[in-house]
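Got a structure open and wondering what stands behind the labels people put on it? Let's go through them one at a time.

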Amino acid sequence: MERWLSKSRVLLGLCALMLIAAFNRRDPMAYGVFLFLAVICTLGYLLPWLSLRGMQLRWLGQEAPQVTEGQAYPLHLVLERRARWPAFLVEIEAEWVWASQSLVMRHTVALVRRGRSVALEQLCTFPCRGVYRLQSVRLASGFPLGLLRAQLQMPTPELAVQVLPQPSPFVWPLPWTVTADPQGERSTRHLGPSMELGLLRAYQDGEPLGRVSWRASARAGQLVIQHFQQTGSLRLHVLVAVPDAQACGQPDSDGEQTIRLAAGIVAAAQAHHVQLRLHLPSHAEALTDPAAALLALADAPAVPDSLPVVVHQALPQLQAGASVAVVLPASLPPPQVLQALQGLRARGGPVLVCLAQGAAGAAGAAGAAGAAVPQALAPAPALAQAGYLTHTEVA
């Protein structure tokens, strides 16, 4: 019943009723009420359309900015009025598109005087990382009665805003290991060949005789082993399982929380002056610059079953002794994760598996039979039982 009793239908019904009464009763008062209602209806339908006539939206030329998700970005607009009458309650709708997700932002201007322009500092807040492109800009008005909502499509400029992921706070829980690097700043001692002698020590059973220093052994009267110095670096390989098409662009999903956790690991590596190697399914080579890594995480496209892909790409690039962090959504089935990580186990280095869970996944687990935490962290026990070190991040 409420669907049929809209404002426009009620006013039109009253107009028709008063017109019939005026013809039947020949009453001037009925004619007056009819004319009053007719004028109100005419203004209710015409004023929204007239308010948008002579409107022009001008964009101040600026380069595409970079903002962090959740951070307000001022969208510089100038709304100009060229008609001879003012406009009231003009609503500006800007539609942004990223990863099949549509985001509509609205801003209302109360009054635009004739021949004047209004500078707008519309604040846009993007809830998720990505490259948001401006799809369309519309002006709308329903003033004064809301009987008609007039819309006007405006010319859309080529504008894109790159939204960086908000890094999750992260502390690396393992000791940093040193990787052989000719240009490194750290020195390690080893039994292999080198040009710089590190130390001499007594021979122990089972050590290779080729490392024995015979001159030092003759002077000491016992077998002496020579250790050489080698330069190395702290290096961290970060393997990221990007979200699939269903989770991409959803702020509360496990996949987007995976991107935030990966950004936090990148920030932690940069803070400890650790060489970074970020591996993404969309990049064949590892990314070494933290700034470039954040940009790559910001516009990382959706890839189905990305964990086996990124592990396969990263295995030939992993150096001996380097730390490895695998960042993946907590919603992935444990058997699929264990199968994808088999190649890393054969490598023998320290591997930390980081599980990310978004707010939607945590809320869904909390309502499942009262077993919030055990069900939410289901992959962690399976990975720990298989011998992997795990870290769980819940939004």
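Q: What makes up the lining of the largest pocket, and which residues lie nearest its centre?
A: In this predicted model, 19 residues line the largest pocket, and Pro243, Asp244, Pro329, Ser331 and Leu332 are the ones nearest its centre. A residue gets onto that list by having an atom within 4 Å of a pocket point. Helix H4 and helix H6 (306-314) each supply at least two residues of the lining. The volume of this pocket comes to about 320 Å³.

Q: How do you know that Arg260 forms a salt bridge with Glu69?
A: The closest N and O atoms of Arg260 and Glu69 are 2.7 Å apart. The cut-off is 4 Å between a side-chain nitrogen of Lys or Arg and a carboxyl oxygen of Asp or Glu, so a pair at this distance qualifies. Arg260 sits in helix H4 (residues 254-271) and Glu69 in the loop between strand E2 (66-68) and E3, so the bridge ties together parts 191 residues apart in sequence. Both Arg260 and Glu69 are buried. The structure holds nine salt bridges.

Q: What makes Glu93 and Arg106 a salt bridge?
A: Again, it's the distance: the closest N and O atoms are 3.3 Å apart, and the limit is 4 Å. Glu93 belongs to strand E4 (residues 87-98) and Arg106 to strand E5 (residues 101-112), so this pair ties together parts 13 residues apart in sequence.

Q: Why is Glu93 called buried, and why is Arg106 called exposed?
A: Buried means under 20% relative accessible area and exposed means over 50%. Glu93 has 3%, so buried is the right word. Arg106 has 54%, so Arg106 counts as exposed.

Q: What links Glu93 with Arg138?
A: Another salt bridge, with the closest N and O atoms 3.2 Å apart. This one links distant parts of the chain, with Glu93 in strand E4 and Arg138 in strand E7 (residues 130-141), 45 residues apart. Arg138 has a relative accessible area of 18%, so this residue falls under the 20% limit and is buried. Glu93 and Arg138 are part of a network of salt bridges that also includes Glu91, Glu95, Arg106 and Arg149.

Q: How do you know that Arg81 has no salt bridge?
A: Look at the nearest side chain of opposite charge: that is Glu80, and it is 11 Å away. The cut-off is 4 Å, so that pair does not qualify. Arg81 is buried all the same, and it is found in strand E3 (residues 72-81). A polar atom of the Arg81 side chain does lie 2.6 Å from the backbone oxygen of Arg53.

Q: Why is Cys128 in no disulfide?
A: A disulfide needs two cysteine sulfur atoms within 2.5 Å, so distance decides the matter. The count for the structure is zero disulfides. For Cys128, the nearest cysteine sulfur is that of Cys248, 7.1 Å away. From the other side, Cys248 has the sulfur of Cys128 as its nearest, at 7.1 Å, and is in no disulfide either.

Q: Buried or exposed: what is Cys128, and what is Cys248?
A: Cys128 has a relative accessible area of 0%, so Cys128 is buried. Cys248 has 3%, so Cys248 is buried too.

Note on methods:
Residues numbered from 1 in each chain as written. Predicted model: local features only at pLDDT ≥ 70, side-chain atom pairs only at ≥ 80, totals over all residues. Heavy atoms only, no water. Helix = DSSP H or I, 4+ residues; strand = E, 2+ residues; numbered from the N terminus. Buried < 20%, exposed > 50% of the residue type's maximum accessible area, 1.4 Å probe, protein only. Lys, Arg positive; Asp, Glu negative; His and termini not counted. Polar contact = N/O pair within 3.5 Å; in protein donor to acceptor, adjacent residues only side chain to side chain. 1 Å grid on protein atoms, 1.4 Å probe; cavity = no way out; pocket = protein on both sides within 12 Å on 5 of 7 lines; lining within 4 Å. Points joined across faces, edges and corners; volume = space filled by probe spheres on them.
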